[in-house]
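Work through the exercises below with the structure open beside you. Try each task before reading its solution.

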Amino acid sequence: MSGARVGGLAYSALLIIPGIVAATGDEFSYYVGQSVCLECHAPGGAASACGVDPIPKHGQSFDALTREEASHIAALCGVSCPPTESQICLGCHATAATTGPRWTKPTFDVNDGVQCESCHGAGSIHVESFRTSRAGEPVQSAARLRIPDSDSCSACHRERASHRVVLEEGYRRPAADQQYRTPVSLAISPDGGQLYVVCERSDSLVEVDTRSGTLLGEVAVGHRPSDVALGPDGRTIYVTNRFSNTLSLIDSSTRKVITGIPVGHEPHGVLTDASGDRIYVLNTGQDSVSVLSAKERRETHRLTTGPGPWSIARSPDGSSLYVTHVRPYPGPFLTPLHSEITVIETKRGVVAARPVVAEANGLEGIASVPGHGVALFTLMRTKNLVPLTRLGQGWAITNGLGLLWPDGRVDQVLLDEPAASFADPGDVAVSPDGRFALVTSGGGNEVAVVDVGKLIQFVTSNSDLRRREVLPNHMGSGTDFVVRRISVGKNPRAVVFSPDGRFAYVANALDDSITVLETGGFTVTRVIDLGGPSEVTETRWGEQLFHDARITFGGQFSCRSCHPDGHINGLTFDIEADGIGMHPSDNRTLRGIFDTAPFKWEGTNPSLERQCGPRLAVFFTRLAPFTPSELSALTKYIRTIERPPNPYRSPEGLTVSQRRGQIVFERTTTNNGEPLPVGKRCVTCHSGPYATSRTSADVGTTMWFDVPISSEVPDVDFDDIEQYGAMGLYYFVDAGIPTKSFDVPHLTNIFDSAPYLHNGVAPTLELIWTRFDVLGKHGMTGDLSRRQFNDLIEYLKGL
Amino acid sequence: MILPNLKFIAKHLPASFAETGVLSRSLRFRGGRRFTRCVIVAFCYLWPTAFHAAGEEETRSLDRASSPTTKTLTSRLIFTQVPINALAASSQRVAPVDRTLPDGSRIVLFDPANSDKGVINLTRGFLAAGRPNLSFDGKKVLFVAKRFPGYPFDVWEMNTDGSGLRRITENVGNCTAAIHLSTMYTMHSQEPVYQIAFCSEGEPASARAIHTCRMDGSRVRRITFDPHGVHDPLMLSDGRLVFGGGQPGVSADLIGGRPSFSTVQACGSDLSIFAAGRGRSLAVGMPCETLDGEVIYVECRSRGWDGGGSLVSVPRSRSLHDGRVLADEPSDTYHSPSALTDGGLLVSYRPAKGGTFGLYVFDPVRGKRTARVFDAPDWHDVFALAVHSRPIPAGRSTVVDESNDTGLLYCLDAYLSDRSSRDARNGRIDRVQVFRTVRHLSGEVSVDESGVLPPFDGYSLVEELLGDAKVESDGSFFLKIPARTPLRLQTIDSAGQLIEAMTSSFWVMPNETRGCIGCHEDRERTPPNRYPLALRSPPQLVGVGSKRSTGPGLEPGEEHVK
């Protein structure tokens, strides 16, 4: 469809006929398919034909997704499923992608590609109306179809970097990229003879003979497996499949998958209770724990956790389970963060306590210490409220260990030294005798050996005040209990002791190897190759750079520190470039963003290369910038960071509530039937499969913080939290200072990108409008009923 | 009459002249004395290079008698030789560099594998030369040298065999030491800038400072502003520049008041304390870094021309703690350690009973000298380096903008201090005063028998109150202050009574935003994760612009002499 021809159709945006159905109606229009449309609208038919010449490519667009190039494009779009199943791809290459198959009639065929209803909307009511109406009778408004304009075309017909790179520049993702192992989790058999290695990239579980170091076998599991646990007898192996939302049960003797059990969204950690009767699976994408019956092999109930449950450990007596969380609670705006350890009572399978870990985030690995009644867990202390103006003295991020005592008390100590950080602590294991703990530094490619006795002595010898205020913030104290640091492979993410405590195994995620440590002297005795490609592709190199803290001064943090799994850590930052104290900037996900340029909330970076270029070095890493080849590798990796499946998005399509929300989202009139100005429509800015126009827009969210630092702005009572939330707007406008435009964010998987708005002021989607749309410039929501608003939110979550 | 002319010529002709020829330049001079001047010019610029080329064999014969006693080293060594007879004549009032590198000092090359050949003088043609510094690839040597009496020490560069000689700095005062720097970047370019850093004593009233410049001597920028002066820069592997400083010859309880090492980034920003002299140390200097991250330096407890003393080691990762004295002979004198590739050290040492400095291999683990490498009886053999490549330190991206003349300073919580409890001071801090420190010549100079200047000899520090600013109830403040200026802060209560005072100076670089955690907090303390009240308003201007706030205590412009 040519833009010129379509432009002729855009005769009046204000006269666009109301959308698919009335906003308040429960009668939905279904997609009928072009064969039905052509019954009347074919050339020479009873009704007028389409004003736009039939475009063969529209009909072939679905087929394009089956071509070899499509998989390479999809890889650059963060698509983790086949292109023919991806809502992102189908959004432009097919019709009814957004609504899903539930909302199509049998006459509809997705293989027909971009059909009439792609532009005109679902047509079943229209068809039925005309079929049943008598000649000369008016047709009800809901039967009328959407009249597209040029903007409708541009939602898809726009520059897409992913397509350009593949179709014009000839990029093909190397086969090796799909063949790496990426070991991320370990478990060892009760006799210590077999080591089970979860390989995230190859979607498999590898079994290693610990005595010979040879690979005994490999079992295909679900998509993006993340954790492994053994039943008490070692006969059953449990593997969580993060992108499949399942738990694989494997018979250790036959190395066969027995079954896959559906669990919650993005299952990560897994563990059984001491008896093996219950299996606990952490749904990190859904902030919950699925409790399963091992006997019945089904989920019996679900527990609520904090944000991003990650790892789980059992107390030595088996009475409790401890759950860490990779993200902190979204507290009040610009207040210190805190995280939670969820304590589960195994006898009843319920949450028993939620100890708070103050000012810490990134709680990942956890292990109980036999004989001491304490559990150790890894943590980060991110100084997100402090301007990011230097890195010395632990200015940006510090890394350490937490101690959870039986009474719920939590202590924190740092593993950093002033000029030698211990970036991205990801896992911890404790020797069977409780003497030593090993902690991995994913960013530093090291393992720290902690003398647990000295650690406990060190902590308990301090006063309560020092334990609360000094130890969590004091670098160098680690020299009192860290015996040594051992260099291992790239990006160590998991560690486990052998049952007899003589050996420890470290999974080096990004060089596909296992480092074997002899624990007598904590020396490296062997490195086991897991059989990944020997070739390091550019993308793989970029992945290594992404996870390497040596890119920052003092090795303080890596890209991954703020973007775990390429996503967010849920925090806002005060970055020097735009003036300190002002412009708090919400951290944004890196998943599937290649086609969403420009970048930054100001929308000033047209490419990832610029985003990660010299400015990043000046204001973030404070070291030399990436070399051109490093930058190329890094950005290539970022392009491929995958987006997990959306739990609010059923394979069948939108729910009824979401469908109603979609109608609100796409509406062109108010509830009163008044035309909705183009600038007030959601789809004006949030169009296309990514739901972004990739432009900037002023939606009235400029706040007190966003003014130039030298401006004379009225003082604000910051102690008045209620006033503070919205006040930024009131005060700002009262000062008569022009408001600013910000980048229109994409909305894919927006449900898990809290907090929201450019400064992260909105902890939930709802608050964007109920609290921070004071000026009424962020679309039009004032006329919506409560149900309509809730439907809209439900729809957004499913994008 | 010749000397002034030489100075004039040296000042006005480019440094590259020694390499690019003489005759064309000599045509500039007119009049009846043209020929003489041409000869002078040619002599002046060719002397070092010409004599160097011809002097190797002669030098070998001169030092053949100085045979080493061990062949444990395989790398060639480059070091400074200071003639012992020249030291006696330098006990008058001279620039410090002239005391440590008196006339006749030279840089020599010694090959342990061919020890019978003695040393090769690499700097023949210079009146005095010393302080070699190797490039990271081990191929180039920076050093300081002067050619004529009364001339300043400039920074020169040569290959490790003495060829490729060229002058880098010119008219930047007496250069006392020079080092290679890692790469520097700005936000506008991915292309690295290659620089060196050098210590220079400029005008008499100014303190010795570290400057940086490009490899061709251009773009000279001063990056330290300590009014007491700084010395002995070292590029650490993590990209920081460490240097000695602090109040010379003064022992104090406070870090800022005693000899100490500080670090800056290679752009001069992010000034931080690195390590402090212990107990009664008079000076610390001559640091080196081993491959395993230990920083070894010399701690001087008695006055002497050489600054020698004990060897002290601190881990770079935790330099303010865990220091240990390496040598078990505290009465002996160590000098200018440098790192060897096998974990050992190359040090200069002379026993307490006297004698000259010789070169030794030192085992830092056992705290023992393990082998004597070289010792010439008529020379002090110091500042030795083994010729080998070493890893390039981390590069740096800088926010410094030379077009700006201000920087920002914010403090998160002035109540955080290791000197007194927070409870005792809670709520008392009302304002922060900002003083500018000015160094003044005080006229009379007293020199002790060793020729070393006592503390504050020849200068005094005068402070001017630039202004003061409000401290918020949470202890935070946010200032815009002049850049490139030695400043000092003190907090006062509402009655103007002093609560806390810095004992040392700090500075900000142009466009730098410098953050402090507290006032004399434990330097291993990390910042509390709080959004400070002070950052919710624009910075208060102190000493910049027209706005100058006042409060209790001294009025702006009022001075007091420290």
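The exercises on this predicted model go from one chain to the contact and then to a single residue.

**Exercise 1. Overall form of chain A**

Task: State how the radius of gyration of chain A compares with that of a compact globule.

Solution:
- Start with the length: chain A has 799 residues.
- A compact globule with 799 residues would have a radius of gyration near 28 Å.
- Chain A has 28 Å, so the value agrees with the globule rule.
- Add the spans: the C-alpha trace covers about 90 × 70 × 55 Å along its principal axes.
- Then list the elements: chain A holds 21 helices and 34 strands.
- Finish with burial: 57% of the 799 residues in chain A are buried.

**Exercise 2. The contact between the chains**

Task: Describe the side of chain A that touches chain B.

Solution:
- Count both sides: the contact takes 42 residues from chain A and 40 residues from chain B.
- Find the top contributor on the chain A side: helix H15 (residues 614-621) gives the most, with 4 residues.
- Sort the chain A side by class: 21 residues are nonpolar, 14 are polar and 7 are charged.

**Exercise 3. Pro527(B)**

Task: Decide whether Pro527(B) is buried or exposed.

Solution:
- Locate Pro527(B): it sits in the loop between strand E34 (513-516) and strand E35 (540-541) of chain B.
- Recall the cut-off: a buried residue has 20 or more other C-beta atoms within 10 Å.
- Pro527(B) has 26 such atoms within 10 Å, so Pro527(B) is buried.
- Check the neighbours: Pro527(B) touches Lys383(A), Val386(A) and Trp395(A), along with Leu412(B) and Ile517(B), leaving out residues up to four places away in sequence.

Methods: Residues numbered from 1 in each chain as written. Chains lettered and ligands numbered in written order. Predicted model: local features only at pLDDT ≥ 70, side-chain atom pairs only at ≥ 80, totals over all residues. Contact = placed C-beta atoms within 7 Å. Helix = DSSP H or I, 4+ residues; strand = E, 2+ residues; numbered from the N terminus. Nonpolar A, V, L, I, M, F, W, Y, C, P; charged D, E, K, R; others polar. Buried ≥ 20, exposed ≤ 12 C-beta atoms within 10 Å, placed from the backbone. Rg over C-alpha atoms; globule rule 2.2 N^0.38 Å.
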